[in-house]
Amino acid sequence: MDSIELRYREELLVAGCRDRGLSEGFSPRDTPLSSRLSILEAQQARWKTMEWLDVSNWPLTEGCPIYELYGGTFAQIWDNYIPESGKRRSNLNIVHLPSQSRGIESLQKISHRNLGYGVVVELGIDPEQDLVMLIHQISLADDTKRSPLHDKFVIDFRTMNTNGPHPAACGTIEYEPVHTSSDGRYRITPLIMGDLLGIMFNAMDGSPATLTIWRWTSGKQLLRLETFRPALWFSFLSETTFVVPCMDRDDGMTATLHIYRMPDEVLDPANDARHPDPAPVVLNPLPEAGYLLPPFNDKSITGYSLVCRSHPLPAPRAYVPPRPASTEADSNTVEATPHPASEESPVPNPPLFQIDPNERIMTFSFIFNVHYDDPMGHGIIAWQESHVLATHVSTLLSHVNMPTEEEIPALPLDALLDLEALPFSLEPAAPPRVIPWTAWADRARWLGDRTRRNWYSHTYGHRFVRPTFRQSEDHNDPFSIQVIDFNPYNIRRQTQRDREFEARRREQHRSQTSDSTEKEIVAPAVFGGEFREETGDLGASTGEVNTTSLLDQPLPEAQPSRPRVISEPSIIQGHVFTEPVKTSLPYLEITSPEMLYDFEGLMICEEHVLRLKRRSTWTSEIVLEIYSI
């Protein structure tokens, strides 16, 4: 192994990344190791200083505000009215962001107009597989007697570049939720991982939330989980494990992060043919573990929700699309039309390096309303507040090695599912392992957050982006972009730099103090046979210099350093929890120097921070502002 490869592997480890060419035996692109090393080092250095290579704008088309960020690709669904038919039709915009790692020098934009059906209610993408997943709603009843109870959904799989049927997909999947709402309200959350598609459906009326997992290449329904605790979200932790955060309210209000493991029979595509019936292979599995959160103060907060977010899990691809032989430097907007599945357009290259799946940060956003007595005597006042809990995915996957407390009882099965409603009898199984909050609080960190936009992609790898607001006399508070980095290697490196800087600063201060002292000491002059100091600041009349008092003087302030290590524990007190909660997962805080206005949302990916902003206060037009590292 030569020195360049050794150094490259070391920088990959420090960055929490992996090179698929080195680990999986193929090269995403014919790029020398020396070039990859230079790109990686430059990117990591700029993330530590928030120095942007470029800032560009892209207006989002008004209409249906559904969008998704996956790696370096941004997709948006928008709808418009067609006078000839008197109906609304959905359209799709796709933007491949500039990327040194992917070899994209400028924005590559594709527009697919009139997707062929009505309003799309959700969107999912996977650029690595040239995949767009669209969910649109249809009704089993005619339009004159349309009832929300008869609604169902159609899941369609298309290619990003051609808008044609995806060559690896089974076709479309018809999805009729087990529980639907009488008023038509619902929350639907899709996630793609390799050849798996998971959808969490919540009718928002107190009925059970349902998580369904399919293999989108065969259309087989693999798993269905009905959680009888309020749940809105889920996330894949690994290729075999997923997490479902649930709010629990019995004697008090608490929350549990339920960890589930998918059986081997679900993961092996060869077993799909053994289960030809449409029923799921696995129904209502028991969790392997439950991570307890500290109890919340239900006397002062209401309207709560708990959602999780992490950047999509890199997984073995079910389909490898053709790649371009070369990347054009300039790419204009293309009005794409549907093509047969056999006509496959090349898609952008995968990145040279990817985040190690176990190095990802998982965030859990707790959003709630706070009620308090107005000190001015105007009664009860309420406002919305948000806190974000961050922890490494590896922490949630290490429950087997986590300590437990004997006085905490095992999680009762009836707290997880309705045993009487199961269509089968449960076989004896080990009870879920309960991880008390005190056992993993030092591996987590509660962060204050004012975004309340939990569907945004605000995490990528070990980084989390948020606004840091500044006080202002007007009502439009300015803010700066702040990136929180939980990479332990970056934290250690910055801590060592801070120590070295502090040592140099103290040494410089001592040197300056010594030079100043030597200049101030003057040979005593004899006046009338008595000694007298010519400077009045050198100590006692003996002529000795009081160096101790000089060294005890306050040191000059250090020059501001953008990366700031936060290693001290943080404590949340007051109205949120029933008792003070301390967390101590270290992180690196980097704040951009720009003062920005008109905050709508922030997102982050491998080489960019994306800011959503309004063009002006009197319009609803949203602009996507792209900050490139």
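Here is a short run of questions and answers on helices, strands and one serine in this structure.

Reader: Before we start, what kind of model is this, and how are residues numbered?
Author: This is a predicted model, in which local features need pLDDT of at least 70, side-chain atom pairs count only at pLDDT 80 or more, and totals for chains, interfaces and linings use all residues. Side-chain values use heavy atoms, with hydrogens and water left out, and residues are numbered from 1 along each chain as its sequence is written.

Reader: Let's go to the helices: are α1 and α3 roughly parallel or roughly antiparallel?
Author: Helices (H or I, at least four residues) and strands (E, at least two) are DSSP runs, numbered from the N terminus. The axes of α1 (residues 3–15) and α3 (residues 33–49) come within 10 Å and cross at roughly 30 degrees; axes are lines fitted to C-alpha atoms, for helices over the stretch in contact, and angles run from 0 to 180 degrees between N-to-C directions. Angles under 35 degrees count as roughly parallel, over 145 as roughly antiparallel, 65 to 115 as roughly perpendicular and the rest as oblique. The two helices are therefore roughly parallel.

Reader: How do the residues of the contact of α1 with α3 divide?
Author: Contact means heavy atoms within 4.5 Å. On the α1 side we have I4, E5, R7, Y8, E11, L12 and A15, and they meet L33, S34, R36, L37, L40, E41 and Q44 of α3. Ala, Val, Leu, Ile, Met, Phe, Trp, Tyr, Cys and Pro count as nonpolar, Asp, Glu, Lys and Arg as charged, and the others, Gly among them, as polar. The split comes out as seven nonpolar, two polar and five charged.

Reader: α3 also lies across some strands; at what angle does it run to β35?
Author: The strands in question are β28 (463–469), β29 and β35. β29 (residues 479–485) pairs with β35 (residues 587–591) in the antiparallel sense over four bridges, where pairing takes at least two bridges found by DSSP between two strands. Against β35, α3 runs at about 75 degrees.

Reader: Which strands stand at the edges of the sheet that holds β28, β29 and β35?
Author: That one is an open sheet of five strands with antiparallel pairing, in the order β27-β28-β29-β35-β32. Inside it, β28 and β29 are joined by seven bridges, while β27 and β28 are joined by two. Two of the five have a single partner strand, so one side of each is left without a neighbour in the sheet: β27 (459–460) and β32 (564–566).

Reader: Which residue in the hairpin of β27 and β28 takes a positive phi?
Author: These strands run antiparallel, and T459 stands opposite F464. The hairpin has two residues between the strands. The positive phi, near 60 degrees, belongs to G461.

Reader: Moving on to β13, is it largely enclosed or left open?
Author: Buried means under 20% relative accessible area, exposed over 50%, partly exposed in between (1.4 Å probe, protein chains only). On one side A209, L211, I213 and R215 are buried, and on the other so are T210, T212 and W214. With seven of the seven residues of β13 (residues 209–215) buried, the strand is therefore largely enclosed.

Reader: How many bridges join β13 to β14?
Author: β13 sits in an open sheet of five strands with mixed pairing, ordered β11-β12-β13-β14-β18. On the β12 side (residues 196–202), six bridges join the two strands, and L197 stands opposite W214. On the β14 side (residues 220–227), T212 has R224 as its bridge partner. β13 and β14 pair antiparallel, and the bridge count is seven.

Reader: Which residue in the hairpin of β13 and β14 takes a positive phi?
Author: In the hairpin of β12 and β13, with six residues between the strands, M204 has a positive phi near 60 degrees. The hairpin of β13 and β14 has four residues between its strands, and the positive phi there is near 80 degrees, at G219.

Reader: Last one: is S570 exposed, partly exposed or buried?
Author: S570 is found in β33 (residues 570–572), and beyond its neighbours within four places in sequence, it contacts R445, W446, V581, K582 and T583. The C-alpha atoms of S570 and R445 are separated by 7.7 Å, though the residues are 125 apart along the chain. Its relative accessibility is 21%, so S570 counts as partly exposed.
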